[in-house]
Every structure is written in structure tokens, then in C-alpha cells.
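Here are some notes for a colleague who wants to check a pair of helices and two threonines against the coordinates. The points can be taken one at a time beside the viewer.

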Amino acid sequence: MLKRILIFSTLLILTACGATKVAYKISFNIDDAEQQSSLTIASLRVIERRLSRMGDQLLEQDMKTRDQEVIISLKIRDKEAGETLTTELVKPFSLNIMEQSPEKTADTVVEDHGGFRKTDITQEHLQWVEARTYGPEGKQGMVILYFSPDGRTIMQKIFKRNKGKAIGIFVRNQLVSKLTVDTDKVKDDIVIQNIPSYEIARMFADDMNVGLHVTFTLIE
């Protein structure tokens, strides 16, 4: 079992400067139709949440399939919010599992959390993230990280040398979760429990899965 600390960041709230329209083509790096459908819905949730955090910017949305491509069209309250959304969506996704390290040998230092150095685990080793309910009456959330066979082999080595220490999940070079390793053995997958709510767990899973498997292309 892993103990976890979720890391949150605040986003800038933008002031209104006139409505704008924007459209994206989304493509997938997996062929399974059911997963593609799930990723399309998750992509819409990611967009809605990001615009909501910018000040309830989404006015209209539409999704359609054109020539086997998924097109998402949006009307956004503020042009600057649209530009910020595009920057976030097209930014390359990166994932690194990093292990706790003295600051003098660390690859990065996070305030209040100390130093971390990179391991061999990247986004290439993570296949899917699933959110589930957890705890009494299902009021808490949990996420399951499904790694590739190579990823599980590497994670086994990481757990063995880091028992009792912390590892960090870094997404786009930002610490999003800090885990305390209390076992030196990894089962098939990694389970993070005691997340305050299922909604937070689903938000995390959406962001990860969309980042891993979806590419947004702005339609000019």
C-alpha cells in the first residue's frame, strides 16, 4: 500500500475580453474503439474543468466525427482564455516517477517536499489510469496505475531500493503526487488510496489518460 499526498496548483482567472471560437481535432495512439470513446468523453471533461478554473469561460461546445476524426468545437467567453487552453492542450505530455534524493544530488527540488532524482520510468511505461470509489460508503477515491510489463519490472527495482522513502509522480515536470513506499514488492499495478473523493480521483485519471493517449491539433 502507498500513502499519498496530492499536490494542487492554482490557475489564473482571466477577465473577459470578448467571446471567441476554437476547434480541435483529436487523435489517439490506441486503436481500441471503447477506449477511444472513453478518452473522447474524458477530453471534454478536461476542457470543461480547465475553462471552469479560468472563470467559467465555456459558452458552447459541440463534438462530431468527420472522416473518422473527432472534432471538438468550442465557444469561449474570453479570447485570452482560449489561447491559454490551446497552449495547455497541445503541450507535450510527460510523466516521470522520481525517487527521493538529497538536494545536492537531486534533478529537481520541490519546496516543502525536498529533492527528487529521475528513475527510468516515464510516460512510455504507463498504459492506463483508472479511478474507483473507496472507503466507507464509497465516499473516498482511489486510482490504479497500470504499467507495461517493462514498467512493472523497473518499478519493482524502484520499490526495493526505496522502502520507507518517498517517490514522486511528476507530470509535465510538476509534482502531482508524493507516495511513501511501505513495501519492497510491487504487485501487477500501483494503487493509490485515500483520495478525498471519487471526483478528485477521476480528475486525476482523466488528465493522465488524456495526456497519455490523446493529441490535440488546433484547426486554424
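Contact, as the word is used below, means heavy atoms within 4.5 Å. The model under review is a predicted one.

1. I would begin with T119, whose place is in strand β7, residues 114-122. Leaving out residues up to four places away in sequence, T119 touches I97, M98, E99, I158 and R161. With a relative accessibility of 11%, T119 counts as buried, because buried means under 20% relative accessible area.

2. Two polar contacts of T119 deserve a separate check. The side chain of T119 reaches the backbone oxygen of I97 at 2.5 Å, and a polar atom of that side chain lies 3.2 Å from the backbone nitrogen of I121. I97 is thus named twice for T119, as a residue it touches and as the owner of the backbone oxygen reached by its side chain.

3. The other threonine, T86, lies in helix α2, which covers residues 79-90. Its relative accessible area is 13%, and T86 is therefore buried. When neighbours within four places in sequence are set aside, T86 is in contact with V22, Y24 and L218.

4. Helix α1, residues 33-53, passes a simple check of length: at 1.5 Å a residue its 21 residues should span 30 Å, and the end C-alpha atoms are 30 Å apart, which agrees. At the N-terminal end of α1, D32 acts as a cap, with a side-chain oxygen 3.1 Å from the backbone nitrogen of E34. Just after α1, G55 takes a positive phi of about 110°. The buried residues of α1 include L39, A42, S43, V46, R49 and R50.

5. The same check can be made for helix α4, residues 198-213, where 16 residues at 1.5 Å each should span 22 Å and the end C-alpha atoms are 22 Å apart, in agreement. Among the buried residues of α4 are D206, N209, V210 and H213.

6. How do the axes of α1 and α4 cross, and at roughly what angle? They come within 9 Å and cross at roughly 115°, which makes α1 roughly perpendicular to α4. The crossing of these two helices is left-handed.

7. For the residues that meet at this crossing, α1 contributes L39, A42, S43, R45, V46, R49, R50 and R53, while α4 contributes E199, R202, M203, D206, D207, N209, V210 and H213. Several names recur from the points above: R49 and R50 are buried in α1, and D206 and H213 are buried in α4.

Conventions: Residues numbered from 1 in each chain as written. Predicted model: local features only at pLDDT ≥ 70, side-chain atom pairs only at ≥ 80, totals over all residues. Heavy atoms only, no water. Helix = DSSP H or I, 4+ residues; strand = E, 2+ residues; numbered from the N terminus. Expected span 1.5 Å × (residues − 1). Buried < 20%, exposed > 50% of the residue type's maximum accessible area, 1.4 Å probe, protein only. Polar contact = N/O pair within 3.5 Å; in protein donor to acceptor, adjacent residues only side chain to side chain. Axes fitted to C-alpha atoms, helices over the stretch in contact; angles between N-to-C directions. Parallel < 35°, antiparallel > 145°, perpendicular 65-115°, else oblique. Left-handed = near helix turned anticlockwise from the far one by under 90°.
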